[in-house]
Number of protein chains: 10
Amino acid sequence: MDKASMQTTILAAKGRLDLSWAAIAERIGMSPVWTTSACMGMNSMPTEVADKLCDVLELPAEVSKALQAFPHKHWDKAIPTDPLIYRFYEMINVYGGTIKELIHEEFGDGIMSAIDFSMDISRVADPKGDRVQIILNGKFLPYRSW
Amino acid sequence: MDKASMQTTILAAKGRLDLSWAAIAERIGMSPVWTTSACMGMNSMPTEVADKLCDVLELPAEVSKALQAFPHKHWDKAIPTDPLIYRFYEMINVYGGTIKELIHEEFGDGIMSAIDFSMDISRVADPKGDRVQIILNGKFLPYRSW
Amino acid sequence: MDKASMQTTILAAKGRLDLSWAAIAERIGMSPVWTTSACMGMNSMPTEVADKLCDVLELPAEVSKALQAFPHKHWDKAIPTDPLIYRFYEMINVYGGTIKELIHEEFGDGIMSAIDFSMDISRVADPKGDRVQIILNGKFLPYRSW
Amino acid sequence: MDKASMQTTILAAKGRLDLSWAAIAERIGMSPVWTTSACMGMNSMPTEVADKLCDVLELPAEVSKALQAFPHKHWDKAIPTDPLIYRFYEMINVYGGTIKELIHEEFGDGIMSAIDFSMDISRVADPKGDRVQIILNGKFLPYRSW
Amino acid sequence: MDKASMQTTILAAKGRLDLSWAAIAERIGMSPVWTTSACMGMNSMPTEVADKLCDVLELPAEVSKALQAFPHKHWDKAIPTDPLIYRFYEMINVYGGTIKELIHEEFGDGIMSAIDFSMDISRVADPKGDRVQIILNGKFLPYRSW
Amino acid sequence: MDKASMQTTILAAKGRLDLSWAAIAERIGMSPVWTTSACMGMNSMPTEVADKLCDVLELPAEVSKALQAFPHKHWDKAIPTDPLIYRFYEMINVYGGTIKELIHEEFGDGIMSAIDFSMDISRVADPKGDRVQIILNGKFLPYRSW
Amino acid sequence: MDKASMQTTILAAKGRLDLSWAAIAERIGMSPVWTTSACMGMNSMPTEVADKLCDVLELPAEVSKALQAFPHKHWDKAIPTDPLIYRFYEMINVYGGTIKELIHEEFGDGIMSAIDFSMDISRVADPKGDRVQIILNGKFLPYRSW
Amino acid sequence: MDKASMQTTILAAKGRLDLSWAAIAERIGMSPVWTTSACMGMNSMPTEVADKLCDVLELPAEVSKALQAFPHKHWDKAIPTDPLIYRFYEMINVYGGTIKELIHEEFGDGIMSAIDFSMDISRVADPKGDRVQIILNGKFLPYRSW
Amino acid sequence: MDKASMQTTILAAKGRLDLSWAAIAERIGMSPVWTTSACMGMNSMPTEVADKLCDVLELPAEVSKALQAFPHKHWDKAIPTDPLIYRFYEMINVYGGTIKELIHEEFGDGIMSAIDFSMDISRVADPKGDRVQIILNGKFLPYRSW
Amino acid sequence: MDKASMQTTILAAKGRLDLSWAAIAERIGMSPVWTTSACMGMNSMPTEVADKLCDVLELPAEVSKALQAFPHKHWDKAIPTDPLIYRFYEMINVYGGTIKELIHEEFGDGIMSAIDFSMDISRVADPKGDRVQIILNGKFLPYRSW
């Protein structure tokens, strides 16, 4: 079972059981963002977590195996079209130089890791219209000289 | 004075006075991210804020005028190369589908605004190596039907 | 049922019943542009509207479900080829700078929303040849400073 | 004098005299959109109109000559980046298929002309936030068979 | 029946009956270029012409229906590879600026229509090797000012 | 003197003497299309023709030398944007397959030469609006087998 | 039978009969390069040659028909990846300007035909390692002036 | 002195002395193709050859130094436009698969070197029009297994 | 059996027998990198090695045949997305100019062969986290002059 | 002083003093690869190292400052053309999948860091022609789950 059919199977089970991502994540003891990304084939799950998720969603062992497989992360290299996703592409480009300035000023030469990294998404109530809040958290990695 | 020479002038003054972005931002009463982005030509400043920044950096009125001009936001449409910026491009592509799933589940059909939007960057101390934390905050905009 | 087969099913029913988009839109109490765009998979319908449309077109419940699904808006990122659509691409590029000038002059720094947005298409009789009139209407969103 | 330095000269004069595009357009008896587009080098002006514009802006004859020159309409063929302009690119792609459906249903096989074409931009007051309204108006051109 | 299978069906019938495009065009009273382009899915036929063509080629009514459908004109946006077609791409690029100069000199600001347009192809005998002659004929459309 | 400054010099002289391309072409005994293309740097002129053109336009010998130089034909490989030129790109793509069908049917396997090639542009009066007529004429070159 | 399945059929027969391209070419009285290119769908064969090839390879008449069909020459427009083919792309780019210089110096303005063209490939023994020799031979075509 | 101004200097001297590439190559005892390519900045010359060339062309020592510099071979990665060069791009793509078949059949798995490589260009007289002959000669390099 | 299904078959057998690439490589007496690359279709195996590998993995003769076939090396020409592979693309671009400087300084004008080439991958223990070490080894090929 | 003029200045001094990269690196106590990359603007130097390098090369303090600046790593995103660099691009694509297989087998899910990374280049004597050896060494970074 490859990652694509794994995702289809999980989405079907999730719909059948009428569970939100937050509910699934809570039952396996992980965060909603990481849980969703693994179910969409963009991260691999440790064995025990994958097994627990299959228990929660009443899915067979081959789904657990597919969840544990190391993904080949692949995406369309063109600019995204879906408006929700495009807006993030826009933010990065409008604020990319700013982020570089401020991280270098604070930490020196290096980068924020996209591997030793986590993300959280939440709703912030606001009388003028609720807001989406996303927290990106990554280890600072200094360049090595040798 | 266009946005490019405005940026050069501001960076030179900032170096001369040895001020950090955080210090400049504090003196004009705005956040460091927004202040930096306006100085890099990616946002426009209200008159009083632009004037105050020119006071702080001992710069002439034409810099204030350039800071107030509405920018034509422009970037290289190709995939970024600088490793610090590329990692953000990578995060968005690895987690783009996940973000879409979770925002739609919580808010319904719509997007997170990149216009009614703010961003914060901070250092999080960690014994295994300090971490960079970035908070994105945008208003949820539901699609209109008519 | 995905959006693509939903569209095929709706077009077949529309042909079988010999209904125009305008007629369908009127029966469900919505505009022709929005109705067509939802049937082509580019907008999601509220439950009651989707159900009414399935009534009008004598279609089963799974079509209604597909109409309610949040679309992943996707298109060929290249320049369009079909002459009817290309002309709109041409208009935007010939008049893009002009539109930016005039909106900023009137409203200040910000954008016209493509989310809180509506469109109408109509025929304008003209002795030298009838004309197509398209009205675009979107909320002005000012940039936030923080 | 080429179109680029013509545009710079006109913008400087417009700033000096503190005139809006709407005011300039009114004085030369043309619409604001067309007037702006000609000043930005995307349309050519008839001699008498160009001369009148130079009168209004107190500019020499060579500017009038540049305004009358037939432009080579040229733009960056990539996807636009400025958020204000990108949103129009997005609208066309989200609604392109819908526009094609509705024009063909109403007019038959053919296109809406981008040459025998006009555009208007206006503000629509709205208690929930004012709106931008853009009207596109083009002659329908049927395909010829021979 | 879509345009692609319509084309396959027509080519098979044309081969079976051993008819040239010129012969088919003559029997339906239209030109060879337009007839061929409609059979290749790049133009739509009026009902009576489509029916006549199906008579000539002994094809069922659904082929006539497909011939009448309004095409979505679509092509590979890249530079053509087939040498016969590439040479036309080369001609346009070598002579594009020349054509623009000469049409503007003769007609003023505007374009040659690709909609109100016809094309003819013929053989010109020549002792040094016969030649292909192609005539392009399109209505001049002046830009509108408003 | 390179081809670019040659073109500028010729256009200035042409304006100064107020001569049309047709008039210049007639005086040097060549066609308007070929004459224009050589002046725009896309063809090389034999010595005597180049000298005659410099006589007509009262230009120095170095212009004649530049006209005789073998050009490196170069163009922007992207899809053209100027509407007048784009329409030709559109024609070739809409009718490319048709042209291939008809040339092969008449001549067999081979191509129409873009080197042993000529082009003419003329105005065709029409009560419904005058038309542009362009004649392309190229030698048929059969593929060699060996 | 299209060119792709024709090629598969021929390669299978060639393997079954254990014939080299050189041996096949010799039996049909043509060169190995041209024979191979026609079997790979990049050239069309005259009837008698195609029939002879089908005799040699014990293939049915429909293969002969496919060999005679005029190909639509098509290839991936991107830079080739296979190292053997890439090296030829590299040679052309390293030596393209040199070839242009030397052909123009010897022949004047014009091109080397890719239609009235032949190619040969052979092995040249060399004690330091055998070498591949490829001969390209094309008619010089002078540009026409008119 | 960089390779670009070196090339300009050499071309000017070559014109002044009215020497062909063949004549220059003969005087320095190398082939015309290699000599031209080094003068165009695509190969580096050994010291004594570079000095001899500067003697022949009466050029100063800094040109010799530039000729000896190791070039960064660089070209426009897009498809070439100049018809003379494009035809070679076309040949490689039409015959690329054929070349791969025949080299592998004769030599096994490996490539023809573009580094241990030479090229010759000559005129072949032909009553139907003289022909250009180009010989490519490169060492066969087998893939290593380890 | 083509290279793609050969790879699938080998991976399935490898999983069934629970063998690492290192173990397989050792049993056939070759290196792990070369063995893996041949199994992934990027290199061809000599007959005896391919047969031995099929013995080890208990696979039929047609797999051996597929392993011996000369591959058409093909990859997505775009920038890689998978983070593990992207980092190598990044290294080459950050250090490409440096590598060129240092190889030319040491060896003169020429290249490091990618054909007469080998690669090794190993783990280097490190208390601050183990490291990956990759050794690239290729013959230096000097440019030929002629 | 920006990184580009810093590099020019350093290369000129290096030539004047006739020092190899290896010699310079030894005198500042760093490796040749890292030293070269910093001088080419692709890494930043700590203050004391930059000062020492300016001592060795007899360069002013502003060069030291430029060496310490955090670079914006930038490169042409297209496929490289220079044959020396292209071969590395080719290696990565031929062996990319293999590297991924072997690193994941040995280390689990994660990547080899391009930040905590070093590289060495050396000559390996070989009777059949000396070889280039390049060692890449990077910390393994496991993906985080949260």
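Here are some questions and answers about a predicted model, covering a few of its residues and two of its interfaces.

Reader: Which residues of chain A does UniProt place under "active site"?

Author: This comes from the UniProt record, and the entry is an unreviewed one. The feature named there is "active site", and its positions are Arg87(A), Glu90(A) and Ser113(A).

Reader: Is Arg87(A) buried or exposed?

Author: Arg87(A) sits in helix 6 of chain A, residues 83-107. Buried means under 20% relative accessible area. Arg87(A) comes out at 1%, so it counts as buried.

Reader: Which residues of chain D does Arg87(A) touch?

Author: Leave out anything up to four places away in sequence. From chain B you then get Ile111(B), Met112(B) and Ala114(B), and from chain C, Ala114(C) and Ile115(C). That leaves the chain D residues, which are Tyr86(D), Arg87(D) and Glu90(D).

Reader: And Ser113(A), is that buried or exposed?

Author: Ser113(A) is in strand 1 of chain A, residues 110-124. The cut-off for buried is under 20%. Ser113(A) has a relative accessible area of 2%, so the verdict is buried.

Reader: Which residue's backbone nitrogen does the side chain of Ser113(A) reach?

Author: Beyond four places in sequence, Ser113(A) is in contact with Gly138(A), Lys139(A), Leu141(A) and Met91(B). The backbone nitrogen you're after isn't in that list. The side chain of Ser113(A) gets to it at 3.0 Å, and it belongs to Ile115(A).

Reader: Over in chain C, which side chain does Arg87(C) join in a polar contact of 2.7 Å?

Author: Arg87(C) lies in helix 6 of chain C and is buried, at 1% relative accessible area. Leaving aside neighbours within four places in sequence, its contacts include Ile111(D), Ala114(E), Tyr86(F) and Arg87(F). The polar contact of 2.7 Å is with the side chain of Glu90(F).

Reader: Which three residues supply 32% of the area that chain C buries against chain B?

Author: Chain C and chain B each put 27 residues into the contact. About 2,700 Å² is buried between them, with carbon and sulfur atoms giving 61%. On the chain C side, no other three residues give more than this trio: Ile115(C), Arg144(C) and Trp146(C).

Reader: Which element gives the most to the side of chain C that touches chain B?

Author: Between chain C and chain B the rule finds zero salt bridges, but there are 14 residue pairs in polar contact. Helix 3, helix 6, strand 1 and strand 2 of chain C each supply at least two residues of that side. The top contributor, with six residues, is strand 1 of chain C.

Reader: Now for chain J and chain I: how many salt bridges are there between them?

Author: Each chain gives 70 residues to this contact, and the pair buries about 6,600 Å², 67% of it on carbon and sulfur atoms. One of the salt bridges pairs Lys100(J) with Asp82(I) at 3.0 Å, N to O. The count between chain J and chain I is eight.

Reader: Which element of chain J gives the largest share of the side that touches chain I?

Author: The rule finds 28 residue pairs in polar contact across this interface. Elements giving two or more residues to the chain J side include helix 1, helix 2, strand 1 and strand 2 of chain J. The largest share, 25 residues, comes from helix 6 of chain J.

Conventions: Residues are numbered from 1 along each chain as its sequence is written. Chains are lettered from A and ligands numbered from 1 in the order in which they are written. This is a predicted model: local features need pLDDT of at least 70, side-chain atom pairs count only at pLDDT 80 or more; totals for chains, interfaces and linings use all residues. Side-chain values use heavy atoms; hydrogens and water are left out. Helices (H or I, at least four residues) and strands (E, at least two) are DSSP runs, numbered from the N terminus. Buried means under 20% relative accessible area, exposed over 50%, partly exposed in between (1.4 Å probe, protein chains only). A polar contact is a pair of N or O atoms within 3.5 Å; within protein, one must be able to donate a hydrogen and the other to accept it, and residues adjacent in sequence count only if both atoms are side-chain atoms. Contact means heavy atoms within 4.5 Å. Buried area is the accessible area (1.4 Å probe) that two parts lose on being put together, summed over both. A salt bridge is a side-chain nitrogen of Lys or Arg within 4 Å of a carboxyl oxygen of Asp or Glu. UniProt positions are given in the numbering used here, feature names are shortened, and annotations may be inferred rather than shown by experiment.
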